[in-house]
Each structure stands twice: as C-alpha cells, then as structure tokens.
Amino acid sequence: MLTYNKACERLFGYTAVEMLGRNVSTIMPNDHSRAHDGYIGNYIASGHRKIIGIGREVPAQHRDGTVIPIHLSVGEAVTSAGRQFIGIMRDLRARNESEQRLAQLQANLVRMARVSAVDEMGAALAHELNQPLTAVMLYLQAVERSCAKQGAAGAIPTSVMAILEKAVREAERAGSIIQRMRQFIEKRDPVRKSVELNPLIEDALELTVLGSAPGTRIVRDLASGLPNVMVDPVQIQQVVVNLVRNAIEAIKGCDVQVVRVSTRLRPDGVGLSVLDSGPGIPPDGISELFKAFSSSKSQGLGLGLAISKSIAQTHGGDLIVDPGGRGRGACFTLLLPLPLPDEASSGATTATKDGHNGSERHRGW
C-alpha cells in the first residue's frame, strides 16, 4: 500500500502508519487474501479483468476480524514507478441492513394481507356454521322432547336420554364458541363499559385453548370479589388471547407444560397475570419484546405484544413483564385501573368518534 487515507482508518481500524508498505491482502478475509497475489499475477499475465475497471461487492475485513461488505472499484495507472492500482471502497453495511429491513417489512405486509383474508373468511365461516349448529340444536331438542314423552311409558332407556342431553349441551357450547368468535373478529368501534374481569377471561380462555396441544394445562387462579373494570371487553380478550397463546408457545417441548392465569386486586387497580412454565425470556430479547415486527416465531407477525401493550396503555394501565429465567418461566401482567366513582355508578358508556368515551378524555388518557 502506497497511500491509506482517514476513511480507511475508520473503516478498517488500522492506522496509516501501520498499513503503508503492507500487502493489501491484510484487509481481506482469509480465503480472499490467500488468493489476492494470484489474482494480480493472472491479470498482469493475461490482461483478463475480473474487477479492475468494473467494480463489484466484495468482503473486506476489519482489524478485529469483522467481515465488512464493501463496493470496490479498482482503477489502474501506468506511472514512472510502474503499474499502480487505486481502490475506491464504500461501506455497504447500512445499505444492506436497510434492504434486509425493507424485505422483512414487505414480507410482513404480505402476511398481513393473508391474515386479513383469513379474518374475513373466518367471519363468514362463523356465520355459515352458526346456522347448521342452530338447526342441530333444534332437532336434538325436538328428539329430546319426543323421547321424554315416550319415556313416561318406559320406552326410552335413561342412558339414551342422558346421551341426548349431552349432545344438546355440546351443540349449545359449539354455538356459543362460534358466537364469541364472531364477536371477537368482527369490525366494530371500541366501546368501553363496566364489566366483571373473571368471566371475560374465561370466555377468552375457551377461545385460546381451541386446538392447543394435548398435555397443556391451563390453571386458573382468579380472585373472587374483584371490582368491575371499565374496559372494551373485546380488546381485553384480545390481550388475554395473545398472552396465553404466547405462553402455550413458550412451553412447547418442556417437561412441565403449565400456564397459570391469575387475577388479583392491587393498590393501583386490578392485575391479570399469565405465567408459563417455560425457560423464560433471554436477556437479549427483552429490549425488542414490545416492538412491532420483532417476533422470534416463524409463524408470527410480531404484533401481538405491541398491540397488547398499546391496548393496556389506552385503558390507562400497562403491560409489564418479569422475564424469568434460571428455572422460572416468564410472567406477563396486565394492569387495569379501577373506574372513577362516576364511571362505576353510570355503568356502560358510549363511544365517541375516536373510540374513547368522555370520562376517559377528562382523565387525560
């Protein structure tokens, strides 16, 4: 090397004093540095250009061993001192990171379009299934009444009647689940009202455990006598579904697969906690936990926790996490404030155009 400027010092970590007179292969990764002199020899002998006068992306190497993608353009000059080459290098790390980020965002947007399509199909499917299920319930109830009349004469065994009653209950349960699914996914304006938190959680859990792997155990530890909270029920159920689904995902493959859902009265309001029996959250993942599109799961969009925290904060509360680790699973806690006296006495509230009721605005939410 005959010249080595300040930009090269910043890029590679070597000073000009250290580099002048050394072979340029010093700033190349091993596989390229070993072949560098051969490349130059081949060019001088054959005149066949591979990079000289062309320019392309190649790897370079920092003093600490970090491989750096650069764009290298090489020019050639014949001087009184002989053939000389000048290399112009541009650091491509920022550009490559931006391209990767853009590609990831595009992939997420494409997936969101698919999720939106599935959401619309799910609403239609729930509507279509609700009608035959209603018909099944009506037929079962008719058979049950008919059997009850004949049963008075001893014609229908009690075991058959018991089976029919169970069939009616299961059909009613299926219809109830579909109804809740429709309410959960339908497009609607946010409306907050005074509700009991525990029944809201039970409904959300019933949706969440559908299709979960066998062996997963959901333990409920719901405190009795909790005061009502002023919330949008569907949004709070969305938070519960997100947290419990994440917990179920975290315990896959664990020897003990338990998710504990608990509620407690706190000095500052009501707390809902979801604790899993998994390995906890690694320290390097905590800072990105509530950021959109930062999911570590191959099937996720990375929006669940970001949306859940936003929902909690717009309700005047928060979503906090104890990452666990060292034998403890992660614990997420949704904090909800208690309603003001005027809210508690008025019951349901109406939504404004922006989805917030008047009392929330006065509270500075």
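**A five-stranded sheet and the helices packed on it**

In this predicted model, five strands (DSSP runs of E, at least two residues long, numbered from the N terminus) form an open sheet in the order 5-7-8-10-9, with mixed pairing, where two strands pair if DSSP finds at least two bridges between them. Strand 5 (217-222) and strand 9 (318-322) lie at the edges with a single partner strand each, so one side of each has no neighbour in the sheet. On average, and with direction ignored, neighbouring strands are turned by 15 degrees against each other. Strand 8 (residues 269-276) and strand 10 (residues 331-336) are joined in the antiparallel sense by six bridges, and V270 has L336 of strand 10 as its bridge partner.

Helix 7 (residues 233-250; helices are DSSP runs of H or I with at least four residues) packs on this sheet and touches strand 5, strand 7, strand 8, strand 9 and strand 10, contact meaning heavy atoms within 4.5 Å. The direction of helix 7 makes about 25 degrees with that of strand 8; angles run from 0 to 180 degrees between N-to-C directions, and axes are lines fitted to C-alpha atoms, for helices over the stretch in contact.

Helix 7 also packs with helix 9 (residues 304-314) at an angle of about 145 degrees, their axes being 9 Å apart. Among the residues making this contact are I236, V239 and L243 of helix 7 and L305 and I311 of helix 9.

Residues are numbered from 1 along each chain as its sequence is written. Local features need pLDDT of at least 70, side-chain atom pairs count only at pLDDT 80 or more, and totals for chains, interfaces and linings use all residues, while side-chain values use heavy atoms, with hydrogens and water left out.
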